[in-house]
Amino acid sequence: MTQSAVTVDTPSASTAYIGIGSNLEHPLRQVLDARDALAALPGLRLSAFSPLYRNPALGPGRQPDYVNAVAVVETRLSPRDLLAALQAIETRHGRVRDGVRWTPRTLDLDILVYGDREIESEGLRVPHPRMGERAFVLRPLHDVAPDLDVPGLGPVAALLSAVSQSALISIDEAAMSGGDWDEQPP
Ligand code: A4P
Ligand code: MG
């Protein structure tokens, strides 16, 4: 009997950058819990987590401040499977999707960058289409990956230098200013 060669299609791991944001129900705790949830996901290894930044909400009406951060993961999950896993974490964190964009949320997990891929498909666009204008994304991304070249957009350092960071407060500074904002959102 001749033995046929078996080829196993094992994709190599890709590095992905996940944007994390919360402005409801104890945002700081939500973001730290999200870090634990990412670390526990099968098919993924959490390799770095940025400092956390408090900053004003971008969106309609009066909203509580956000806490934002970025996670670096090594994963064999496809971009679609990664998005599904992130959305499952959002749902477990009480995220309610009312169909209105940019409303307050307990937890938002966005795929910012997935390897060198550029994806334009129904329900998934990578790099995240609005990341290049957002200091609350670019600053923590630059903290964890200062040499990153964002596919289609360019070096993260150049993107960061083109936006104002004046509204970002690192969480340590916020804690020093003594506010109870994380317990009592406005
Ligand atoms: N989707 C497409 N591409 C992606 C991707 N790369 N990662 C789709 C994640 N999701 C992606 O998202 C809507 C749909 O986008 C999903 O069904 C998914 O298939 P969503 O999380 O349900 O809703 P959303 O987040 O309100 O929509 P959107 O337009 O993605 O919002 P943004 O642009 O993410 O903005 N202000 C501050 N300070 N900090 C923030 O983090 N975030 C937002 C949300 C607004 N204001 C903010 C912040
Ligand atoms: Mg989102």
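Here are three short exercises on this predicted model, each with a worked solution.

Residues count from 1 along each chain as written, while chains are lettered from A and ligands numbered from 1 in written order. Local features need pLDDT of at least 70 and side-chain atom pairs 80 or more, but totals for chains, interfaces and linings use all residues.

**Exercise 1.** Work out which residues come nearest to ligand 1 and which elements supply its shell.

*Solution.* Start with the shell: 21 residues lie around ligand 1, and Gly21, Leu58, Tyr66, Asp110 and Gly123 come nearest (near means a C-beta atom, placed from the backbone, within 6 Å). Next, strands E4 (66–75), E5 (108–114) and E7 (124–126) each give two or more residues (strands are DSSP E runs of at least two residues, helices H or I runs of at least four, numbered from the N terminus).

**Exercise 2.** Decide whether Asp33 is buried, exposed or partly exposed.

*Solution.* First, place Asp33: it's in helix H1 (residues 27–39). Then count: 17 other C-beta atoms lie within 10 Å, so Asp33 is partly exposed (20 or more would be buried, 12 or fewer exposed, with C-beta atoms placed from the backbone).

**Exercise 3.** Find the element that gives the most to the largest nonpolar core, then list the contacts of Leu112.

*Solution.* The core has 38 residues, and Leu112 is among those touching the most other members (a core joins buried Ala, Val, Leu, Ile, Met, Phe, Trp, Tyr and Cys through C-beta atoms within 7 Å). E4 gives the most, seven residues. Beyond four places in sequence, Leu112 is in contact with Tyr17, Ile18, Gly19, Val70, Pro127, His128, Met131, Val137 and Leu141 (contact means C-beta atoms, placed from the backbone, within 7 Å).

Conventions. Contact = placed C-beta atoms within 7 Å.
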